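Thanks for making time for this one. I would like to walk through a single chain, going from its overall form to its sheet, its core and two residues in a loop.

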Amino acid sequence: MPKMKTNSGAKKRFSLTGTGKIKRKHAFHSHILTKKSKKRKAGLVKTGLIDVSNHKQVLALLGK
């Protein structure tokens with residue numbers, strides 16, 4: 001039986017917490033930052049958690 005491959009893009013973008021939740025980074029913080037407010041940019045720095053509706057899909061991509 002062949003081994004299941006981890007999706008390379010997913011392993012760079014998501015990480016598991018100790019309790020099994022999946023952490024993600026915010027989009028829109030890489031370029032064109034001059035028009036965005038300091039408050040908005042500061043909020044985008046923080047990590048978030050993926051929505052419960054996407055949990056099963058992301059776990060499959062990570063090979064878990």
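What follows is a short tour of this chain, and please keep in mind throughout that the model is predicted.

Let me begin with the overall layout, where the chain holds 3 helices and 3 strands, and these elements run α-β-β-α-β-α when one reads from the N terminus on. As for the dimensions, the C-alpha trace spans about 50 × 25 × 20 Å along its principal axes, and the radius of gyration of the chain is 15 Å, whereas a compact globule of 64 residues would have one near 11 Å. In terms of burial, 12% of the 64 residues count as buried, and the accessible surface comes to about 5,700 Å², with 58% of that belonging to carbon and sulfur atoms. If we take the contacts between residues at least 6 apart in sequence, 53% of them join residues at least 24 apart.

Turning to the sheet, the 3 strands form an open arrangement in the order E1-E2-E3, with antiparallel pairing. Strand E1, residues 15-16, and strand E3, residues 48-49, stand at the edges with a single partner strand each, and so one side of each is left without a neighbour in the sheet. Strand E2, which covers residues 22-24, pairs with E3 in the antiparallel sense over 2 bridges, and within this part of the sheet Lys23 has Leu49 of E3 as its bridge partner.

Next, the core: which residues make up the largest nonpolar core? There are 5 residues in all, namely Ala10, Ile22, Ile50, Val58 and Leu62. Leu62 is worth a second look, since, leaving aside residues up to four places away in sequence, Leu62 touches Thr6, Ala10, Lys11 and Phe14.

Finally, I would like to turn to backbone angles, and the background here is that most residues other than glycine have a negative phi. Phe28, however, has a positive phi near 65° without being a glycine, and this residue lies in the loop between E2 and helix H2, the latter covering residues 38-45. Ile32 is found in the loop between E2 and H2 as well, and Ile32 also has a positive phi, of about 55°, although it is not a glycine. How exposed, then, are these two side by side? Phe28 has a relative accessible area of 63% and is therefore exposed, while Ile32, at 47% relative accessibility, counts as partly exposed.

Note on methods:
Residues numbered from 1 in each chain as written. Predicted model: local features only at pLDDT ≥ 70, side-chain atom pairs only at ≥ 80, totals over all residues. Heavy atoms only, no water. Core = buried A, V, L, I, M, F, W, Y, C linked by side-chain atoms within 4.5 Å. Buried < 20%, exposed > 50% of the residue type's maximum accessible area, 1.4 Å probe, protein only. Contact = heavy atoms within 4.5 Å. Helix = DSSP H or I, 4+ residues; strand = E, 2+ residues; numbered from the N terminus. Rg over C-alpha atoms; globule rule 2.2 N^0.38 Å. Areas by Shrake-Rupley, 256 points an atom, 1.4 Å probe, with all protein chains shown as cover. Pairing = 2+ DSSP bridges.
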